[in-house]
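The paragraphs below walk through one protein chain, from a pair of charged residues to the overall fold and back to single positions. Keep the coordinates open while reading.

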Amino acid sequence: MITSCVGGAPPSSSPCSNSQQKLQQRQRPPQSSSSSSLSFSRSFPSLPISTTTLSPINPTNFNGSFIRAAWTRRSRGEAEKKPNRKSWKQRTDMYMRPFLLDIFFSKRFVHAKVTHRGTSKVICVATTNAKDLRNSLPSLIDPEACRIIGKLIAERSKEADIYAVAYEPRKNERIEGRIGIILDTVKENGILFV
């Protein structure tokens with residue numbers, strides 16, 4: 001039995017009906033679904049995603065102090081207590097004066113070192129706790145020991161090609177006594193203080 005595909009509706013079991021169905025599927029516009037047009041995307045499960053929008057937060061109705069601070073300007077007193085930015089000098093000082101002389105007095109010894117601020121590396125050290133000084137000096141903390149430490153730190157910094165250092169006294173520290181002796185000896189041996 002030969003049936004023609006032209007004209008009336010053929011029975012559903014005929015080969016023409018299958019080809020007509022395929023033709024109709026090709027001619028249909030693509031559906032605007034969330035699935036992609038790629039062939040393998042149909043193998044992934046579809047996820048239900050809600051498209052509801054969140055309402056904007058009103059700062060006047062919110063009682064959290066952290067959120068409220070985001071919309072208000074900091075007061076002058078608060079800005080003075082907690083500065084959020086270092087000053088220009090604080091930010092550039094480590095590059096303008098890269099080498100720092102640090103002097104420390106313990107109960108038994110005197111220590112001095114030159115460090116590089118940018119990398120925090122110790123360039124040179126002089127201490128009365130060294131073997132050669134510990135056995136040769138009569139006292140390890142007197143002014144004569146301070147003069148020797150100042151001379152040693154100046155010589156060792158010159159060997160490392162450092163001719164200018166900075167010294168920052170600690171809080172409530174006066175430049176007198178043993179500290180003054182070390183600093184004066186370093187100056188006398190050709191190191192500049194910047």
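In this predicted model, Glu176 and Arg174 form a salt bridge whose closest N and O atoms are 4.0 Å apart. That separation sits at the edge of the criterion, because a salt bridge requires the nitrogen to be within 4 Å of the carboxyl oxygen. Glu176 is partly exposed, at 48% relative accessibility, whereas Arg174 is exposed, at 62%.

How many salt bridges does a search of the whole structure find? The count is eight. One of them joins Glu168 to Arg117, with 2.5 Å between the closest N and O atoms. Glu168 belongs to the loop between β4 and α7, and Arg117 to the loop between β2 and β3, so this pair ties together parts that are 51 residues apart in sequence. The two partners differ in burial class: Glu168 is partly exposed with a relative accessible area of 39%, while Arg117 is buried with 16%. Arg117 counts as buried because its value falls under the 20% limit. The pair also belongs to a network of salt bridges that links Asp93, Arg97, Arg117 and Glu168.

Another salt bridge lies within a helix. Glu144 pairs with Arg147, and the closest N and O atoms are 3.7 Å apart. Both residues are in helix α6, three residues apart, which is about one turn of the helix. Glu144 is partly exposed at 43% relative accessibility, and Arg147 is partly exposed at 39%.

These pairs can now be placed in the chain as a whole. The protein chain has seven helices and five strands. Along the sequence they follow the pattern α-α-α-α-β-β-β-α-α-β-α-β. Of the 194 residues in the chain, 22% are buried. Among contacts with a separation of 6 or more, 53% are between residues 24 or more positions apart.

Helix α7 covers residues 177-188. Its twelve residues reach 17 Å from the first C-alpha to the last, close to the 16 Å expected at 1.5 Å a residue. Which residues of α7 are buried? They are Ile179, Gly180, Ile181, Ile182, Leu183, Thr185 and Val186. These buried residues pack against strands β1 (99-105), β2 (110-116), β4 (164-167) and β5 (192-193), and against helix α6 (143-159). Just after α7, Gly190 takes a positive phi of about 95°.

Contacts between α7 and β1 can be followed from the side of Phe105, which is placed in strand β1. Leaving aside neighbours within four places in sequence, Phe105 is in contact with Val110, Cys146, Arg178, Ile179 and Ile182. Two of these partners, Ile179 and Ile182, appear among the buried residues of α7. Cys146 is 41 residues from Phe105 along the chain, and the C-alpha atoms of the two are separated by 9.9 Å. Arg178 lies over the face of the Phe105 ring, at 4.3 Å from the ring centre. As for ring-to-ring pairs, the structure holds zero aromatic pairs.

Val110 also appears in the surroundings of Thr127, a residue of strand β3 (residues 121-127). Not counting residues up to four places away in sequence, Thr127 touches Val110, His111, Leu133 and Ile149. Is Thr127 buried or exposed? At 16% relative accessibility, Thr127 counts as buried. The side chain of Thr127 reaches two backbone atoms: the oxygen of Val110 at 3.2 Å and the nitrogen of Asn129 at 3.1 Å.

Two loop positions remain, and both concern backbone geometry. Most residues other than glycine have a negative phi. Ser120, however, has a positive phi near 60°. Ser120 is found in the loop between β2 and β3, and counts as exposed at 59% relative accessibility. Asp161 likewise has a positive phi of about 60° although it is not a glycine. The place of Asp161 is in the loop between α6 and β4, and with 61% relative accessibility Asp161 counts as exposed.

Note on methods. Residues are numbered from 1 along each chain as its sequence is written. This is a predicted model: local features need pLDDT of at least 70, side-chain atom pairs count only at pLDDT 80 or more; totals for chains, interfaces and linings use all residues. Side-chain values use heavy atoms; hydrogens and water are left out. Helices (H or I, at least four residues) and strands (E, at least two) are DSSP runs, numbered from the N terminus. Buried means under 20% relative accessible area, exposed over 50%, partly exposed in between (1.4 Å probe, protein chains only). A polar contact is a pair of N or O atoms within 3.5 Å; within protein, one must be able to donate a hydrogen and the other to accept it, and residues adjacent in sequence count only if both atoms are side-chain atoms. Contact means heavy atoms within 4.5 Å. The expected span of a helix is 1.5 Å times one less than its number of residues. Rings of Phe, Tyr and Trp (its six-membered ring) pair if their centres lie within 6.5 Å; planes under 30 degrees apart count as stacked, over 60 as edge-to-face and the rest as tilted. A charge sits over a ring if NZ of Lys or CZ of Arg is within 6 Å of the ring centre and within 35 degrees of the ring normal. A salt bridge is a side-chain nitrogen of Lys or Arg within 4 Å of a carboxyl oxygen of Asp or Glu.
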